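Here is a small set of exercises to work through with the model open beside you. Try each task on your own before you read its solution.

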Amino acid sequence: MKWSDPASLEHEREKMLENQLISRGIKDQRVLNALRKIPRHLFVEEALHHQAYGDHPLPIGEKQTISQPYIVALMTEALELKGSEKVLEIGTGSGYQTAILAELADMVYSIERIPPLVYKARKTLDELGYFNINIRIGDGTKGWEEESPFDAIIVTAASPEVPRPLQEQLIVGGLMVVPVGGRYSQDLIKVERTEKGFVQQNLGGCRFVSLIGQHGWQE
Ligand code: SAH
């Protein structure tokens with residue numbers, strides 16, 4: 001297949017929606033439309049373009065990965081975004097999840113600890129014309145205090161527990177998704193901040209690279 005041909009790329013994304021997302025229960029039309037629209041292949045190196053719409057994660061350099069499309073959709077759907085939200089993302093990586101959030105919310109703040117990934121993601125997102133994204137280099141486990149509180153928070157790396165500063169930077173009524181567990185397997189946890197405290201729901205098993213920082217893993 002020809003990767004320069006927009007019709008075949010659209011076809012690849014449509015197949016991804018049908019076979020990986022809709023068939024597994026993703027229902028939010030706004031989430032589906034964002035995954036239908038965004039050129040996922042541009043977030044991986046050219047040699048991997050032909051695998052970009054496959055049902056698996058892919059390497060993005062610096063020993064990190066871009067998540068499987070289904071996991072991106074599942075986590076995004078759990079945030080219940082309507083369009084007016086201020087969202088915090090921890091683990092920019094390739095910037096693919098960041099672009100999805102930028103389509104669905106008002107403003108996205110994203111933190112990544114590895115500088116070369118930030119530069120690459122920034123370039124890709126600029127070329128695609130996303131201007132409602134703020135990316136910063138640093139330890140995301142501490143959150144982004146100056147811009148808090150957030151309506152939604154997404155953590156795309158695995159943590160031994162829900163990082164406390166992130167919970168504190170969520171508004172009452174706000175939602176967070178974060179993979180919590182051991183180094184090699186975790187559960188996807190949805191946290192809602194209510195008037196009374198924090199309510200957790202387990203969305204199922206998952207496998208992420210480690211969240212490394214003060215309120216995550218030590219290296
Ligand atoms: N959402 C990304 C997936 C990135 S993988 C995508 O769509 O491509 C997880 C990322 O989290 C990695 O890039 C890793 O460097 C980053 N990360 C790990 N610990 C972090 C921390 N404490 N703060 C910010 N980013 C972190």
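## Warm-up: salt bridges

Lys86 is partly exposed, with a relative accessible area of 24%. Keep that in mind for the first task, and remember that you're looking at a predicted model.

**Exercise 1.** Find the salt bridge between Glu147 and Lys86, and work out which parts of the chain the pair links.

*Solution.*
- Start with the distance: the closest N and O atoms of Glu147 and Lys86 are 3.3 Å apart. The cut-off for a salt bridge is 4 Å, so the pair counts.
- Next, place the two residues. Glu147 sits in the loop between strand S5 (133–137) and strand S6 (150–155), while Lys86 belongs to strand S3 (residues 86–90).
- That puts the partners 61 residues apart, so to speak in distant parts of the chain.
- Finally, check the exposure of the other partner: Glu147 is partly exposed, with a relative accessible area of 24%.**Exercise 2.** Look at Arg24 and Asp55: what does their salt bridge tie together?

*Solution.*
- Pick out the contact, where the closest N and O atoms of Arg24 and Asp55 are 2.5 Å apart.
- Arg24 is in the loop between helix H1 (6–21) and helix H2 (29–37), and Asp55 is in the loop between H2 and strand S1 (58–61), so the bridge joins parts that are 31 residues apart in sequence.
- Both ends are partly exposed: the relative accessible area is 36% for Arg24 and 35% for Asp55.

**Exercise 3.** Find where Glu127 and Lys123 lie, and say how far apart they are in sequence.

*Solution.*
- The side chains of Glu127 and Lys123 meet in a salt bridge, at 3.2 Å from N to O.
- Both residues lie in helix H5 (residues 115–127), with their positions 4 residues apart in the count, or about one turn of the helix.
- Here's the rule behind it: an α-helix has 3.6 residues a turn, so residues three or four places apart point the same way.
- Now for exposure. Glu127 is exposed at 58% relative accessibility, and Lys123 is exposed too, with a relative accessible area of 52%.
- To finish the topic, here's the total: the model has 11 salt bridges.

## Around the ligand

**Exercise 4.** Which residues come nearest to the ligand, and which backbone atoms lie by its nitrogen and oxygen atoms?

*Solution.*
- Begin with the surroundings: there are 26 residues around the ligand, and Ser94, Glu112, Asp139, Gly140 and Ile212 come nearest.
- Then go to the backbone. A backbone N or O atom of Ile212 is 2.7 Å from a nitrogen atom of the ligand.
- Gly138 also has a backbone N or O atom by a ligand nitrogen, at 3.5 Å.
- For an oxygen atom of the ligand, turn to Gln97, with a backbone N or O atom 3.3 Å away.
- Now the cover: on its own the ligand has 580 Å² of accessible area, and the protein covers 99% of that.

**Exercise 5.** Which elements give two or more residues to the shell around the ligand, and which gives the most?

*Solution.*
- Locate the space first: what the ligand takes up is the largest pocket.
- The elements that give two or more residues to the shell are strand S2 (64–66), S3, helix H4 (96–104) and strand S4 (107–112).
- S2 gives the most, with 3 residues.

## Covered helices and odd backbone spots

**Exercise 6.** How many residues of helix H3 (residues 69–78) are buried?

*Solution.*
- Go along H3 residue by residue: 10 of its 10 residues are buried. Among them are Tyr70, Leu74 and Glu77.
- For a buried residue in another helix, try Leu32 in H2. Its relative accessible area is 3%.
- Leu32 and Leu17 are 15 residues apart in sequence, and their C-alpha atoms are 7.0 Å apart in space.

**Exercise 7.** Where are Glu80 and Glu219 found, and what is the phi of each?

*Solution.*
- Glu80 is in the loop between H3 and S3, and comes just after H3.
- Although Glu80 is not a glycine, its phi is positive, at about 50 degrees. Glu80 is partly exposed, at 40% relative accessibility.
- Glu219 lies in the segment after strand S9 (198–206). Glu219 isn't a glycine either, and has a positive phi of about 45 degrees.
- Glu219 is exposed, with a relative accessible area of 63%.

**Exercise 8.** Is the peptide bond from Ser148 to Pro149 cis or trans?

*Solution.*
- Read off omega: it's near 5 degrees, and the bond is cis.
- To place the bond, look up Pro149, which is found in the loop between S5 and S6.

Key: Residues numbered from 1 in each chain as written. Predicted model: local features only at pLDDT ≥ 70, side-chain atom pairs only at ≥ 80, totals over all residues. Heavy atoms only, no water. Buried < 20%, exposed > 50% of the residue type's maximum accessible area, 1.4 Å probe, protein only. Near = heavy atom within 4 Å. Polar contact = N/O pair within 3.5 Å; in protein donor to acceptor, adjacent residues only side chain to side chain. Areas by Shrake-Rupley, 256 points an atom, 1.4 Å probe, with all protein chains shown as cover. 1 Å grid on protein atoms, 1.4 Å probe; cavity = no way out; pocket = protein on both sides within 12 Å on 5 of 7 lines; lining within 4 Å. Sits in = over half its atoms within 2 Å of the grid points.
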